[in-house]
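Hi there,

Here is the structure I promised to pass on to you. Have a look at it first, and then read my notes below.

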Amino acid sequence: MSAKRTSKTVLLAAPRGFCAGVDRAIQIVEKSIAKYGAPVYVRHEIVHNRHVVDRLVGMGAVFVEELEDCPDDRPVVFSAHGVPKSVPAAAQAREMNYLDATCPLVSKVHVEAEKHAAAGHHILLIGHEGHPEVVGTMGQLPVGRMSLIETEEDAHKFTAEDPENLALVTQTTLSVDDTSAMIDILKTRFPNIALPYKEDICYATTNRQMAVKAIAERCDLLLVIGSQTSSNSKRLVEVGDKAGADNAMLISSADSINWDIVDQAKVIGLSAGASAPEYLTDGVLAALKSKYEIDMQEVEVTKEKVIFRLPRKLLDVA
Ligand code: 0CN
Ligand code: SF4
């Protein structure tokens, strides 16, 4: 007679996993390889996920950090996170065939920044130093036109040359709550600061955080699938933690589950960052099911229907 298996509840957050920008970026690499043959160069990880990158390498993509590492005569794709203006300019100067996989919602922030600059504003960018999206957004304007705000302390300390002439943009993958706390500080200090018409944090980041918040209080353990380099995935862990999960951790796949911790949890929450493929979630669920009796409940806070169009150059690829 087989021993009775331990039962656990799994709360599956929805939406989770791929967003429209990630889906588009991956398709741009796949379709470029289909159209132009291998190798196709990709500047920076197309999205911040090893599994995605490894799969594309298997298809003929070559990942590099800088445009200088690409030959002139092969296509190059720019990652979903966006690039400084100098990058397409350099590609153009070298007459390269480049495809821009910058998420349209990141490009939207680039355009906002340019408009604010044209209106003569000094721009505050809320984001994380060194993240490629921040490097890309800052690189839309000449050095000195933007100041980075990373923390509430930065928001308190920032000194403006002309306090009446400020504007604000943000990274797309931040914590909604932390960002709004920083914006409140800036609004109090600089009442005339020009704010985004609708906030720059994207729909996917917002929805994934909302879904994690909906389950967090009930979770003994929240598992978020995503890479250490993925800003939006890391924010999900923090949001879950703040919203009441007893424990919250980032895992790259089923292989990195700490079973001693899972053993102690009765209710396990599961979500995945915008760059984590759904098959990784399936893998975690399968691993849980192989060890325990699972009562699974999906908690869906909203439905997503966003789709972004591919670049014109690739519309002829089936
Ligand atoms: O994980 P990602 O590749 O990027 P970040 O969350 O680190 O910005 O997800 C796609 C998001 C974009 C742009
Ligand atoms: Fe675009 Fe948001 Fe997805 Fe980033 S997380 S690719 S900004 S939709």
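These notes cover the two ligands and their surroundings.

The model is predicted, so to speak of local features a pLDDT of at least 70 is needed, and side-chain atom pairs count only at pLDDT 80 or more, while totals for chains, interfaces and linings use all residues. Residues are numbered from 1 along each chain as its sequence is written, chains are lettered from A and ligands numbered from 1 in the order in which they are written, and side-chain values use heavy atoms, leaving out hydrogens and water.

Let's start with ligand 1. Among the residues around ligand 1 (a heavy atom within 4 Å) are His48, His81, Thr173, Ser230 and Asn232. This shell has three nonpolar, nine polar and no charged residues. Here Ala, Val, Leu, Ile, Met, Phe, Trp, Tyr, Cys and Pro count as nonpolar, Asp, Glu, Lys and Arg as charged, and the others, Gly among them, as polar.

Oxygen atoms of ligand 1 also make polar contacts (here, N or O atoms within 3.5 Å). A side-chain N or O atom of Ser230 is 2.6 Å from one such oxygen, one of His81 is at 2.8 Å, and a polar side-chain atom of Thr173 is at 3.4 Å. The protein covers 96% of the 360 Å² of accessible area that ligand 1 has on its own (Shrake-Rupley method, 1.4 Å probe).

Now ligand 2. The residues surrounding ligand 2 include Cys19, Leu105, Val106 and Tyr203. By class, eight are nonpolar, two polar and none charged.

Enjoy exploring!

Key: Polar contact = N/O pair within 3.5 Å; in protein donor to acceptor, adjacent residues only side chain to side chain.
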